[in-house]
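Reader: Please take me through one part of this model in close detail. I would like to hear about the aromatic rings that pair up, and then how the rest of the chain surrounds them.

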Amino acid sequence: MHSVNANGAQIPALGLGTWTLSGDDCAELVLRALSVGYRHIDTAAAYGNEKDVGVGLRASDVARDDVFVTTKVWWTDIAPGDLERSTEASLKHLGLDQVDLLLIHWPNPKIPLAGSIKALNAMKRTGLARHIGVSNFPTALLSQAIALSDEPLVANQVENHPYLDQRKVYRLCRDNGMALVSYCPLYRGGDLFSENAIRDAAARHGRTPGQIVLRWHVQQEGVVAIPRTTKIARLSENIAIFDFALSDEEMAAISALTGRNARLCDFGFSPEWDAA
């Protein structure tokens, strides 16, 4: 599995997103993902499935040290004290002593960022998290978070796909040694997969449109993709993207689709916050 070096963290370039997954289906997908070569599992307190993810992790014969596990603290729980309690609860649910990456899931304009970042730093220093970072931080807030953090932030997890222009966030991440982790990396499939730039590349390489889009993600320096799937058969397809490369022309044609600038996840931030 290829990985991204981000401020000392080695983050596998492709992971399994688990948003909306739950119960035995979630545990089985985690187990199957690990069996076909995934080494990166992403969850969050807000997903309500950390226990199920933990079941899948324990059922696997892959060593714990070989799996990169990410979880996230929900935006209502990022004040000092609350963040620590949320982290400890997540670890208990997962059945782990430590997560590899702990993220603030969303910023909260009602909770001072300085206190949240200080609490996040404490999670690393006490060993509850190997690495720390943020999620859904637009550029202005990301700059603030970087400046406030004594420990290196290794990732900003954001919605990212060919229809959404995240170049400003990407550049800021790269300038500061961080990974950009793409959630919803395939958009919704459908319209995106019918784009000529993607269909033509799929035909040339003998790949599916989904594989072409995921390759577009991981072929960019410092980008990690965490596609979610409910289909076990899709796991092997999604991970089979490291034995071919897109040409510069193909990469550019897919990147040009950002003109649509479509966003799936709109959290309703005020303009001064949503500056990405």
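Author: This is a predicted model. Start with the whole chain. Buried residues make up 54% of its 276 residues. The fold holds eleven helices and ten strands. Its radius of gyration is 18 Å, close to the 19 Å that the globule rule gives for 276 residues, so the chain is as compact as a globular protein of that length. Along the principal axes, the C-alpha atoms fill a box of roughly 55 × 45 × 30 Å.

Now the close look. How many aromatic pairs does the chain have? The count comes to one. Its partners are Tyr 163 and Tyr 187. The ring centres lie 5.0 Å apart, and the planes meet at 85 degrees. An angle over 60 degrees counts as edge-to-face, so this pair is edge-to-face.

Where do the two rings sit along the chain? Tyr 163 lies in the loop between strand E8 (153-159) and helix H6 (167-175). Tyr 187 lies in the loop between strand E9 (179-183) and helix H7 (190-193). The two residues are 24 apart, and the pair links distant parts of the chain. Are these tyrosines buried or exposed? Both Tyr 163 and Tyr 187 are buried.

Set that beside the contacts of the whole chain. Among contacts with a separation of 6 or more, 75% come from residues 24 or more positions apart.

Last, the surface and the charges. The chain exposes about 11,800 Å², and carbon and sulfur atoms supply 47% of that area. There are 27 positive and 32 negative charges, with mean positions 1 Å apart.

Technical notes: Residues are numbered from 1 along each chain as its sequence is written. This is a predicted model: local features need pLDDT of at least 70, side-chain atom pairs count only at pLDDT 80 or more; totals for chains, interfaces and linings use all residues. Side-chain values use heavy atoms; hydrogens and water are left out. Helices (H or I, at least four residues) and strands (E, at least two) are DSSP runs, numbered from the N terminus. The radius of gyration is taken over C-alpha atoms; the globule rule is 2.2 Å times the number of residues to the power 0.38. Buried means under 20% relative accessible area, exposed over 50%, partly exposed in between (1.4 Å probe, protein chains only). Contact means heavy atoms within 4.5 Å. Accessible areas come from the Shrake-Rupley method with a 1.4 Å probe; for residues, only the protein chains shown count as cover. Lys and Arg count as positive and Asp and Glu as negative; His and the chain ends are not counted. The place of a charge is taken as NZ of Lys, CZ of Arg, CG of Asp or CD of Glu. Rings of Phe, Tyr and Trp (its six-membered ring) pair if their centres lie within 6.5 Å; planes under 30 degrees apart count as stacked, over 60 as edge-to-face and the rest as tilted.
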